[in-house]
Amino acid sequence: MPAQCDGDPATPRADGRVRSLRNLWRLRRYLRPYAAAYVLLLLAALAATGAGLAVPLVVQRVVDGPIARHDEAGLLRLGGLALLLGLVEAVLIFIRRWSQSSSSVGMEATIRADLYAHLQRLPAGFHDRWQSGQLLSRAISDLSVLRRFLSFGLLFLVLNMVTYVAVVILLLRLHGPLGLLVAASAVPLFLISRRFGRNYHAASRRMQDQQGDVATLVEETAQGLRTMKAYGRGPELADRFAGRARALHDTGVGKGVLLAGASALFDLVPNLTLGVTLVGGATLVARDALTIGELVAFVSLQLMLIWPVQSLGWIIANGQEAATAADRIQEVLDTPPSIVDAPGAVPLARSAVRGRLRFEGVSFRYPGSAEPVLREIELTVEPGETLALVGATGCGKSTLLSLVPRLYDVTGGRITLDGHDLREVRLDALRRLVGVAFEEPTLFSMSIWENLTLGCPDADADQVRAALALAQADFAYDLPWGLATRVGEQGLSLSGGQRQRLALARAVLGRPKLLVLDDPLSALDVQTEALVEAALRRVLRDTTALLVVHRPSTVALADRVALLDGGRITAVGRHSELLATVPAYRAVLAAEPSPTPGLVRS
Amino acid sequence: MSRPPRQHPPTGGDGRPAAELSHWRGLATDPDADRSRAEDDSPEAVARLRGRSRALLRDLLRPHRRPLGAAVALLLVQNTAAMAGPYLVMLGIDRAVPPLRAGDPGPLAAVAGAFAVAAVTEYAARRSYLTRSTRIGQAVLLQLRQRVYGHLLTLSVGFHERYTSGRVVSRLTSDVDSIAELVDGGIDTLAAAALSVLSVAAILLWLDLPLAAVTLLAFPFLFWLSRWFARASAQAYRHSREAVALVIVHFVESLRGIRAVQAFRREPRNQQIFVTVNDEYRRTSQHGFRLIATYSPAIKVIGNVTVALVLGYGGWRVLGGHTDVGVLAAFLLYLRRFFEPMQELSQFYNSLQSATAALEKLAGVLDEQPGVPEPASPVPLPAGPGRGAVTFRAVSFGYRPQTPILTGLGLAVPAGQTVALIGPTGAGKSTVAKLLARFHDPDDGTVELDGVDLRALSDAELRRAVVLVTQENHLFGGSVAENIRFGRPDATDAAVQAAARAIGAHDFIAALPDGYATEVHRRGGRLSAGQRQLVAFARAFLADPRVLILDEATSSLDVPTERLVQRALATVLRDRTALVIAHRLSTVETADRVLVVDSGRIVEDGSPARLATTGGRYAALHRQWRDSLI
Ligand SMILES: Nc1ncnc2c1ncn2[C@@H]1O[C@H](COP(=O)(O)OP(=O)(O)O)[C@@H](O)[C@H]1O
Ligand SMILES: Nc1ncnc2c1ncn2[C@@H]1O[C@H](COP(=O)(O)OP(=O)(O)O)[C@@H](O)[C@H]1O
Ligand SMILES: [Mg+2]
Ligand SMILES: [Mg+2]
């Protein structure tokens, strides 16, 4: 997919790593509510480490002191101290883990809710281009990577750094030159970390993108299951899936190999340093520049460095994954919603709206395509009037309708309602005024009631009943649980006509000022269509309406008809008038095939 | 109509009614909605599923037994080398310094050499071990993903209808992820920690038996604690798997319908719902984390108390002269190293519990028997041209037990006939189509193709012979050409274009920015509804089946285009059997035979010309339609 404009699934750029870290850092605002908890848990972790170190010291004191001196009281006293320290250690660990559990999960949930809210604000154009699996993997997998980093990686990064620095300082104080030697081992460690981090960063990003691809395919498969079954294309899809799963597998193995190499090196460096210390230290002792006791103490301290260094590989890996995850999340959060309230947008009260809808020189081009779909549309729908839109398949009828509730914004000209540019009306006020029925009835796997009251949550039972009656959709009451019945996903447990009637009922519920109906009767049988038509006619009498129509029979609903051809309105008038005077109009509605092929437009 | 018994209200994680959580979802008509059949709530079912999931894990690991053995051996080598290091350092200090003082660097060089060998061995063993375990883990995940995906493809439309796509996605993403977490870090820590616990235990026993006996006192507590954790966490993780599935279901579904969401200002309500399910997920995972936050320090307490006890008891023994101070000191040192890996083991146990909960969900899916199974020994269709006779013999069918849609339907369509099915919406026309495409099996009676019961045909053979094109035809992400080629994967570009041309779709496709290579976007969103239908037609055309079923497949086309499509089909399908469901009589008139369906019964049957004159329903419709013509 070519990078077209903002909001496109971006490809990571060369400066990726710096940007990722910045993106990770930008997420810190989510940490803020938990700052106190985080400080507490850091302190608890440090104190627990201290207590953990103190226990063996006390035990050693007991063995060397009271036991050696046969001092029973002392044994009890110091033994009690060891017990106390042990309990304190456990309690501190408990405090750390407990507060960690709420803060990291809390942060994860907050970011996820914000991400979802943002996705809901982003316009249809964004959702057209983004694969749903990529969004999902950001909301689920990436966020759990972040959670793991916040609860473990970050903590151990800090803890281990502190340990490392503290131990090195102690070593330097014990013996300067040998201490410097140990400190110098930070140089190869740094180099290894840098190279590892760079390679791992790229692999981690690739893996997360591939996870999104897998999720996308899975979702598509589940949705297109009927089509897959109808053609028996299971094996092909399984192959496609195998390809993506294998790509994921290969990246996973690649990541693992990188980590294995780095981890082994992070093991080797402190070991070699220890070896050098041994040789150097022994030589110093031989020259009496160091006592044996000091060397033993030095080595014992140095052994404490092994774990912090060893875990570096894992911590860096975790950190890089978190950074690329943050990157992916910010890519979405950084996409500004393009269809929002303009500053100073007016709320249009329902009572103040007469319903005069005008298209003034409206042009529209889909983001990312070169050719405009609509050019210089001039069209007026008078208050209370019903205008039918007629045109060949793919000429832009649905596109035109989607501009009215501002699912897309015009790219040229303007649409006005009672003289107000739609972009200067508050979005929610506008959408409250407009009732929409899409070409494909969009139903959700929720109760019928919830599906019907999508735009009107406070509708009462009578309003719902009236809307259902109008759309001839009383069958809903006969479902096993009545209106509380859950419709299957996408409403597929209903017949096509049933779905369409529910969608129509939803559009007219709450008596919108402006009705926008896209081919609302296409899936109905002739008789039901006649009934719905009769009922709809009553509603349309005092509502401004724009409808797309394919069948001559439905055109009768409209006061006037507009013919859309080549992205322009080429004729407007009464049905009979146009039929008599406009051959193109006749061609589109005629039952007999037109002599010219290629009626379908791009 | 008889109503199914009212369901128990679903309950949330800790048993509190989740009514406020889920009333908007409405009541499902199938008690098994949202889950596989194996995921019953009864304790036996839970236990059975747990057994299944463990068996699945073993099954997945079985092919990797050898590499696993090699990895463990490498781990042993690495651990030995790692233990040798500090020992060699101490040895060097004890034994190599005096000779060095005396001017003999030999022993120091020897120790240093041994040390270097140990370090390099450790490096090599660790690297190789980690590489191998990654390979094994990733291979297991790959296998698991493919297995679950493959199985989901074989499950019936009915299963997917109640299970929902969001849940399918959740199984193959989030659940597999949580198994990956175990695979990534788990095996490493398990093996290393278990190894050191065992070796230290041996040393402890060898050092001092009575003290080791005191240590044993800790075990009942450890056992009891672990059992508590096992039970509590299994439940917690099970809840959190279900909670994340709900998050995914809502996420996927609401964003899929984003146009409706925005047009109807549904965002606040959606956000409210999302926050509720998201918070439930937060709550359940937090509960899981809190369990491990309790379990792990509790083990620490047991360890530290045991150390103090051993210190007291050992000290008393030393005072009594029963034990050496040195032994006590060593014992205490090792005792700590005995309990330290326990922390890691508890961490592993936690990951295992979480992965098992996910595996349970996957095992539940794998356990699900295909509702429309492939026959064990398929019968081939009789060969030869001009085939495609369809017979419905006393077919009864209902989506739900109490509501039959078809009862005792009988229908014989000779090969090559074009049959139009008309009738009010909800009459059962699409149901007939779906039975013929074997999306469902009849409850009673048989559907036959050329005298063979559909249930006896292999899936590949059936799909080659019968293709169903519906109103809600799905386009997959990819190019236009790929979508047409879905009808026949081995078709050449020329064949794809020919199909598009025949159907009248070529012109619009050629005018797209990249022609046939134009990406159609998610679910074909780049195309208009009518264009999508045309692509779906070209696809069916390319598939070239014996029997073609069109279920309102032209509903979004303008009249002339529809005509064009019908003409194309009429020429191609002259010798094919076709079942056409349409509302427009223009389509119906060209059929050989018309069936009027009402309430699941065929009420009129005959040629359009004959029916138009007999004064039945068709005649009435026909008149109505004539009047509406321009
Ligand atoms: N999301 C989109 N991106 C780019 N082009 C689109 C998109 N949706 C539709 N189109 C193109 O715009 C044209 C008009 O589509 P539409 O308005 O749906 O036609 P119709 O008149 O059949 O309702 C078609 O040629 C279609 O290919
Ligand atoms: N998947 C399903 N699950 C449950 N009920 C269904 C399902 N599909 C259809 N129905 C019901 O079966 C009846 C017949 O539907 P259908 O065969 O689609 O009718 P049509 O004649 O309009 O094609 C309708 O009442 C519909 O609600
Ligand atoms: Mg359209
Ligand atoms: Mg139907």
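This report describes the chain interface, the domains, a magnesium site and one arginine in a predicted model.

Residues are numbered from 1 along each chain as its sequence is written, and chains are lettered from A and ligands numbered from 1 in the order in which they are written. Local features need pLDDT of at least 70, side-chain atom pairs count only at pLDDT 80 or more, and totals for chains, interfaces and linings use all residues, while side-chain values use heavy atoms, with hydrogens and water left out.

**Interface of chains A and B**

In the contact between the two chains, 177 residues of chain A meet 175 residues of chain B (contact means heavy atoms within 4.5 Å). The area buried between chain B and chain A is about 16,000 Å², and carbon and sulfur atoms account for 65% of it. Buried area here is the accessible area (1.4 Å probe) that two parts lose on being put together, summed over both.

Twelve salt bridges cross this interface, each defined as a side-chain nitrogen of Lys or Arg within 4 Å of a carboxyl oxygen of Asp or Glu. One of them joins A:R148 to B:E181, with an N to O distance of 2.4 Å. There are also 50 residue pairs in polar contact across the interface, both residues being at pLDDT 80 or more. A polar contact is a pair of N or O atoms within 3.5 Å; within protein, one must be able to donate a hydrogen and the other to accept it, and residues adjacent in sequence count only if both atoms are side-chain atoms. On the side of chain B, helix α10 (residues 267–319) supplies the largest share, 30 residues. Helices (H or I, at least four residues) and strands (E, at least two) are DSSP runs, numbered from the N terminus.

**Domains**

Both chains have an assignment into domains, whose bounds come from an automatic or database domain assignment.

| Chain | Domain 1 | Domain 2 | Distance between C-alpha centres |
|---|---|---|---|
| A | 153–338 | 350–599 | 56 Å |
| B | 37–367 | 390–628 | 54 Å |

In chain B, four residues from domain 1 and four residues from domain 2 make the contact. About 370 Å² is buried between these two domains, 52% of it on carbon and sulfur atoms. On the domain 1 side, B:V157, B:E161 and B:R256 lose the most area, together 73% of what that side buries. The elements giving two or more residues to that side are α5 (157–163) and α8 (218–256) of chain B. Between domain 1 and domain 2 of chain B the count of salt bridges is zero, and the count of residue pairs in polar contact is zero.

**Magnesium site**

The magnesium ion (ligand 3) has as protein donors A:S398 (OG) and A:E439, the latter through two entries (OE and OE), at 2.0 to 2.8 Å. Donors are N, O and S atoms within 2.8 Å of the metal (3.2 Å for Na, K and Ca); water is not among the atoms, so sites may look incomplete. A:S398 belongs to helix α13 (residues 397–403) and A:E439 to the loop between β6 (434–437) and α15 (448–452), 41 residues apart in chain A. A:S398 is partly exposed at 25% relative accessibility, whereas A:E439 is buried at 18%. Buried means under 20% relative accessible area, exposed over 50%, and partly exposed in between (1.4 Å probe, protein chains only).

**B:R546**

B:R546 sits in the loop between α17 (529–543) and β7 (547–551) of chain B. With a relative accessibility of 19%, B:R546 is buried. A polar atom of its side chain lies 3.2 Å from the backbone oxygen of B:P382. Leaving out residues up to four places away in sequence, B:R546 touches residues including B:L381, B:P382, B:D450, B:R464 and B:R576.
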